[in-house]
Amino acid sequence: MTSPAAPDDNLRFARRFVTPEGADLGLVLGSAGDRAAAFLLDLILMILSLILFGLVVLAIGIAAGAKDFEPWGIIGLLGFFVLRNGWFIIFETGRRAATPGKRVLGLRVAARDGGRLTTEAVLVRNFLREIEVFLPIMFLIAAQQAGDPVEGWVVILGMIWTGCFLLFPLFNRDRLRLGDVVAGTWVVKAPRLRLGADLAAGQTSNGFAFSRDQLSAYGVKELQVLEAVLRARDKRTMAAVADRIRRKIAWYKTPDERDGAFLQAYYAALRGRLEHRLLFGHRRKDKFDKA
Amino acid sequence: MNGDLRSNRFRTEREGDWQVLERLLAKVEGGAVSRLTADELMRMPLLYRSVISSLSVARATSLDAGLVAYLEALAARAYFFVYGARTSLGTRLVSFFRRDWPAAVRSLWRETLVAAAILTLATVAGFALVWTNPDWYGAIMPEAMTQGRDPTATTAFLRDTLYHDPKGQPLSFFATMLFTHNSGVSILAFALGFAFCLPTALLMAGNGLPLGALMALYGSRGLLIPLGGWLSIHGTTELFATVIAGGAGFRIGWAVLFPGRLTRLEAARRAGHTAGAAMAGVVVMLVCAGILEGVGRQTIRLDWARYAVGGTMLTLWLAYFYLPRRERAPR
């Protein structure tokens with residue numbers, strides 16, 4: 001379960017994505033960091049499964065009493081080839097349109113035009129990985145073997161050249177990789193969120209009664225910050241926030257009043273008030289909004 | 001107004017639907033669609049539309065950020081399912097083999113021709129160089145590829161490399177290595193196209209030079225015809241695949257360089273669409289070539305039979321890609 005992205009991120013990377021029903025899904029693009037992490041995770045998983053695959057092939061070979069290891073070498077070589085080229089393709093053509101690494105990070109591949117993600121698009125975006133990732137690695141290996149200075153310079157130029165491809169996602173708004181550009185895809189957040197409890201549920205005032213003035217102190221932004229605080233349930237933050245609110249609305253704390261109960265009651269009352277005004281077309285953005 | 005918020009009631013009323021949808025989605029995402037019963041499959045679009053409407057209502061009337069985020073995520077997941085797979089894998093495969101693949105290759109004919117020309121020129125150049133001065137051989141051929149096939153080798157040894165049966169195995173380790181190497185080259189040729197075509201051209205030339213050098217070496221011993229058979233049995237398929245991959249790479253590089261009236265991004269996307277279909281076909285061709293190389297080359301040892309297989313494959317591919325056919329009305 002990934003938590004919803006921080007609001008700032010959401011603003012910067014949210015993209016309009018209107019379904020045929022006319023609703024904007026408000027998709028959020030995967031950040032460069034998330035995607036790099038997903039790729040590294042995939043790489044590690046690939047190497048692990050490669051080692052596992054090699055061991056299994058070897059074990060079967062030994063169990064079969066093979067004297068000649070050539071066929072097992074062939075199986076290993078083909079397995080390596082399929083894994084290297086097929087890992088991303090096989091997982092991304094699946095239902096989740098995401099490799100295991102992307103799943104962990106809550107990402108998935110989608111067609112930019114909102115249509116179906118085709119097998120061809122997945123092939124293209126992953127074949128281009130060849131120049132984004134494997135070519136720089138090849139240059140790195142070449143750098144180890146470079147003998148004379150000329151060769152060294154060639155390698156350095158090559159690394160700069162391929163570096164442009166590797167870092168390409170950082171230089172465009174939509175965080176598109178070369179493969180994404182050509183395949184017409186992008187990577188979006190597709191977290192699986194659990195529906196949290198409704199914090200305003202069953203709050204029949206609980207002995208708290210707030211005046212209209214006290215409920216006019218805040219707007220939607222503050223309400224949602226309060227929601228986040230209540231969902232996180234961190235004792236010290238809750239105490240600090242409760243104090244701030246009490247001071248702001250001039251609320252006198254009774255000795256047996258608990259911070260959690262107070263905050264929850266105030267949240268429910270404030271939300272009721274703001275939603276009521278929302279129905280009449282007044283959306284009060286934040287506490288500075290005079291609407 | 002405390003306690004019984006409108007948004008609260010709204011949530012209690014609709015929550016059941018959301019949970020059903022979430023359960024079905026988890027089922028589908030974990031495995032095949034076939035895990036859904038017919039009834040559940042029928043409910044899916046209805047539930048999807050209901051969650052979309054819930055999302056619109058929630059955005060307009062609820063200030064519960066957690067609820068809206070949840071609905072957005074759920075609606076997106078459902079959207080990808082409902083609009084993600086409009087045709088079954090079977091129909092997609094049929095349309096790929098019947099229409100998409102040959103159409104993509106046909107529309108790449110100019111690029112394919114250029115790639116083929118570069119490969120041929122490089123082969124001729126490699127042949128001419130080594131023919132006039134065998135010293136070139138070592139410079140052109142990567143050492144790992146020769147496996148003893150160099151100018152110092154005896155004619156008998158060279159002849160043996162064309163016909164010997166490596167320990168009676170149909171698929172030798174060396175052949176597998178060549179296959180994975182050559183497939184890698186095809187993919188790289190495609191990917192490098194993005195870098196403005198030039199690297200793909202270099203790669204094509206780099207593939208042709210050793211080929212020509214090898215021909216000159218065997219030719220100098222009067223073994224050109226047998227070598228041709230040895231190469232062509234799988235080579236017609238494999239080299240054709242490489243040439244198409246190069247052509248697909250050229251298409252993308254050209255679109256990025258000269259997008260015309262489109263934006264660069266859109267031009268690249270369109271080129272990628274055609275090139276992608278061609279590349280899916282290249283993968284199929286490479287698998288064919290692998291089978292031909294692994295099985296065919298070791299079991300078929302008559303020159304004329306090798307030529308016949310290679311020639312037949314080439315004719316089949318050419319006919320499949322380029323023979324004019326009646327346009328079916330797209331369904």
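**Close-up views of a predicted two-chain model**

Of the 291 residues in chain A, 33% are buried. The model shown in every view is predicted.

**View 1. Chain A combines eleven helices with four strands.** Its C-alpha trace spans about 85 × 45 × 45 Å along the principal axes. The radius of gyration of chain A is 28 Å, against a value near 19 Å for a compact globule of 291 residues. Among contacts in chain A with a separation of 6 or more, 66% join residues 24 or more positions apart.

**View 2. Chain A is assigned two domains.** Domain 1 takes in residues 7-128 together with 177-189. Domain 2 covers 195-291. The centres of the two domains of chain A, taken over C-alpha atoms, are separated by 44 Å.

**View 3. Helix α11 of chain A and the residues that flank it.** A250(A) sits in the loop between α10 (235-249) and α11 of chain A. Its phi is positive, near 55°, and A250(A) is not a glycine. Most residues other than glycine have a negative phi. A250(A) counts as exposed because it has 10 C-beta neighbours inside 10 Å, and the cut-off for exposed is 12 or fewer. Helix α11 of chain A then runs through residues 259-279. Its 21 residues, at 1.5 Å each, should span 30 Å, and the end C-alpha atoms are indeed 30 Å apart. After α11(A) comes G281(A), with a positive phi near 90°.

**View 4. Chain A meets chain B through 61 residues of chain A and 57 residues of chain B.** On the chain A side, α3 (70-92), α5 (119-127), α6 (129-145), α8 (178-183), α9 (220-232) and α11 each supply at least two residues. The most come from α11(A), which gives nine. By type, the chain A side of the contact divides into 35 nonpolar, 13 polar and 13 charged residues.

**View 5. Chain B has 13 helices and zero strands.** The C-alpha trace of chain B spans about 100 × 50 × 45 Å along its principal axes. Chain B has a radius of gyration of 28 Å, whereas a compact globule of 331 residues would have one near 20 Å. Buried residues make up 43% of the 331 residues of chain B. Residues 24 or more positions apart supply 78% of the chain B contacts with a separation of 6 or more.

**View 6. Chain B is assigned two domains.** Domain 1 is residues 6-86, and domain 2 is residues 92-322. Their C-alpha centres lie 49 Å apart.

**View 7. The largest nonpolar core holds 123 residues.** V51(B), A75(B), F194(B), I244(B), A278(B) and M279(B) have the most contacts inside this core. Helix α11 of chain B (residues 224-257) contributes the largest share, 15 residues. Another core lies apart from it, with 23 residues. L199(A), L223(A), I245(A) and L270(A) are among the members of that second core. In soluble globular proteins, nonpolar side chains tend to be buried together.

**View 8. F194(B) contacts residues of both chains.** From chain A, its partners are L128(A), I131(A), L178(A) and V182(A). From chain B, setting aside neighbours within four places in sequence, they are I252(B), G253(B) and V256(B).

**View 9. F196(B) and helix α10 of chain B.** F196(B) lies in the loop between α9 (173-192) and α10 of chain B. F196(B) is not a glycine, yet its phi is positive, about 60°. F196(B) counts as partly exposed because it has 13 C-beta neighbours inside 10 Å. Helix α10 of chain B covers residues 198-220. At 1.5 Å a residue, its 23 residues should span 33 Å, which agrees with the 33 Å between its end C-alpha atoms. G222(B) follows α10(B) and has a positive phi, near 75°.

**View 10. G290(B) lies within helix α12 of chain B.** The helix comprises residues 264-299. G290(B) is buried because 23 other C-beta atoms lie within 10 Å, and the cut-off for buried is 20 or more. G290(B) and S183(B) are 107 residues apart in sequence. In space, C-alpha to C-alpha, G290(B) and S183(B) are 9.2 Å apart.

How values were computed. Residues are numbered from 1 along each chain as its sequence is written. Chains are lettered from A and ligands numbered from 1 in the order in which they are written. This is a predicted model: local features need pLDDT of at least 70, side-chain atom pairs count only at pLDDT 80 or more; totals for chains, interfaces and linings use all residues. The radius of gyration is taken over C-alpha atoms; the globule rule is 2.2 Å times the number of residues to the power 0.38. Two residues are in contact if their C-beta atoms, placed from the backbone, lie within 7 Å. The expected span of a helix is 1.5 Å times one less than its number of residues. Domain bounds come from an automatic or database domain assignment. Ala, Val, Leu, Ile, Met, Phe, Trp, Tyr, Cys and Pro count as nonpolar, Asp, Glu, Lys and Arg as charged, and the others, Gly among them, as polar. A nonpolar core is a set of buried Ala, Val, Leu, Ile, Met, Phe, Trp, Tyr and Cys residues joined through C-beta atoms within 7 Å.
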